[in-house]
Amino acid sequence: MAAFGEFTAVAEQLIAEGETVVARLTVSGRHTGAHPRMPRPIHRTCSVEQIWIFTVREGRIAEIRAVSDRLGMFLQLGWDWPA
């Protein structure tokens, strides 16, 4: 992720059933590069939870859906919430 240095993603939980795999992640990083909402780096850190849902068919990822705590990220970084 170009906007965030010191980026880490830790799998807190993995659940698999049939062709569906769900991952609950803690994602952390420092804002060190351009982001559409904040083009100048502010060098603050944030840590948010994400949920990723993978559909696996024939041993390959066929679909990915993800949900991220954007509000938490914006609050931690001090960014304004988009209008």
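Is Glu58 buried or exposed? I opened my notebook with that one, and I found that Glu58 counts as exposed, with a relative accessibility of 84%. A reminder to myself before going on: this is a predicted model.

**Entry 1: around Glu58**

I looked up where Glu58 sits, and it is in the loop that runs between strand S3 (45-57) and strand S4 (60-68). I then checked its backbone: Glu58 is not a glycine, yet its phi is positive, at about 55 degrees. The cut-off for exposed is over 50% relative accessible area, so Glu58 at 84% falls on the exposed side.

**Entry 2: Glu6**

Next I turned to Glu6, where I noted a phi near 50 degrees, again a positive value in a residue other than glycine. Which strand holds Glu6? I traced Glu6 to strand S1, which covers residues 4-17. I also looked up its accessibility, and Glu6 counts as exposed at 59%.

**Entry 3: the chain as a whole**

I stepped back to see the protein chain in full. I counted 1 helix and 4 strands. What pattern do they follow along the sequence? I read it as β-β-β-β-α. The radius of gyration is 15 Å, well over the 12 Å that the globule rule gives for 83 residues, so the chain is more spread out than a compact globule. I fitted a box along the principal axes too, and the C-alpha atoms fill roughly 45 × 25 × 20 Å.

**Entry 4: inside and outside**

How much of the protein chain counts as buried? I found 25% of the 83 residues in that class, which here means under 20% relative accessible area. On the outside, I noted that the chain exposes about 6,000 Å², and that carbon and sulfur atoms supply 54% of this area. I looked at contacts as well: among those between residues at least 6 apart in sequence, 44% join residues at least 24 apart.

**Entry 5: a nonpolar patch**

My last search was for nonpolar side chains on the surface. Which residues form a nonpolar patch there? I found Leu71, Leu75 and Trp81, which together have about 360 Å² of accessible area. I picked out Leu71 for a second look and placed this residue in helix H1, which spans residues 70-77. Its relative accessible area is 44%, so Leu71 is partly exposed. Patch members need over 30% relative accessible area, and Leu71 at 44% passes that mark.

Methods. Residues numbered from 1 in each chain as written. Predicted model: local features only at pLDDT ≥ 70, side-chain atom pairs only at ≥ 80, totals over all residues. Heavy atoms only, no water. Patch = residues over 30% accessible without salt bridge, like charges linked within 9 Å, V, L, I, M, F, W, Y side chains within 5 Å. Areas by Shrake-Rupley, 256 points an atom, 1.4 Å probe, with all protein chains shown as cover. Salt bridge = Lys/Arg side-chain N within 4 Å of Asp/Glu carboxyl O. Helix = DSSP H or I, 4+ residues; strand = E, 2+ residues; numbered from the N terminus. Buried < 20%, exposed > 50% of the residue type's maximum accessible area, 1.4 Å probe, protein only. Rg over C-alpha atoms; globule rule 2.2 N^0.38 Å. Contact = heavy atoms within 4.5 Å.
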